[in-house]
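User: I'm new to this one and would like a quick tour. Could you take me through it bit by bit?

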Amino acid sequence: MNTSGREPTLLQSVFPLIAMFVILMGGRLYLDYRIEPLILCSAVIAGFMAWYLRCQWQQLEEAILNKINVAMQGMLIIFSVGCMVGAWMFCGTVPFMVYWGLELVNPNYMLLSAFLICTLTSCCTGTSWGSAATIGVAMIGIAHGLGIPLAPVAGAALSGCYVGDKLSPLSDTTNLAPAVA
């Protein structure tokens, strides 16, 4: 709520969002600019709108810190997932999974195996993206090694990753959504 300045109209409230969309889409898709300066330009437009509406810096700072505080739990989970994926890739866990998958998985049950293994992994780790980046990649490697079409295996693996993510009490998105609502 803007207590010291003018109240924004609907157009003034939506303008920074529309400008951000146009800048990001036009700059990235058509001009092939990097995303960081485009986001900075969008932030400058939002800052000019706040200046035009005479918002005080303390109000903006409180709102920014409040939103960061609300989203911090989800951001820390996402950070931890990134560390886990990096560690699994670096230490050879994914190639190890491909090796044993080629030995143990029956080609007749590949889709079911991909779904169930990804569901279990995602439920235990609490991340769909991390599971897709690790065990999902391993499932694609196993399918390729067994001569199974990759598209259905990718669909089964991603489906399992998202089902497990939604069942997990550790899930980043499941915790982040109610925190910011």
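User: Which helix gives the largest share of the lining of the largest pocket?

Analyst: Keep in mind that this is a predicted model. Three helices, α1, α2 and α3, each supply at least two residues of that lining. The largest share is seven residues, and the helix they come from is α2.

User: And what volume does the largest pocket have?

Analyst: Its lining is made up of 24 residues. Lying nearest the centre are Ala46, Gly47, Ala50, Cys55 and Leu60. The volume of this largest pocket comes out at about 700 Å³.

User: Over to α3: where is its kink centred?

Analyst: Helix α3 covers residues 57–90. Its buried residues include Ala71 and Gly74. The kink is about 50°, and it's centred on methionine 72.

User: Which residue just after α3 takes a positive phi?

Analyst: Helix α3 runs over residues 57–90, so to speak of what follows, look just past that stretch. The phi there is about 90°, and the residue is glycine 92.

User: Is valine 14 buried, partly exposed or exposed?

Analyst: Valine 14 is found in helix α1, residues 10–30. Its relative accessibility is 31%, and buried would need under 20% while exposed would need over 50%. That's why valine 14 counts as partly exposed.

User: How much accessible area does the nonpolar patch on the surface have together?

Analyst: Valine 14 belongs to this patch, and other members include Leu10, Phe21, Met25 and Tyr33. Taken together, the patch residues have an accessible area of about 1,300 Å².

Note on methods
Residues numbered from 1 in each chain as written. Predicted model: local features only at pLDDT ≥ 70, side-chain atom pairs only at ≥ 80, totals over all residues. Heavy atoms only, no water. Bend = angle between axes of the 7 residues up to and from the residue. Helix = DSSP H or I, 4+ residues; strand = E, 2+ residues; numbered from the N terminus. Buried < 20%, exposed > 50% of the residue type's maximum accessible area, 1.4 Å probe, protein only. Patch = residues over 30% accessible without salt bridge, like charges linked within 9 Å, V, L, I, M, F, W, Y side chains within 5 Å. Areas by Shrake-Rupley, 256 points an atom, 1.4 Å probe, with all protein chains shown as cover. Salt bridge = Lys/Arg side-chain N within 4 Å of Asp/Glu carboxyl O. 1 Å grid on protein atoms, 1.4 Å probe; cavity = no way out; pocket = protein on both sides within 12 Å on 5 of 7 lines; lining within 4 Å. Points joined across faces, edges and corners; volume = space filled by probe spheres on them.
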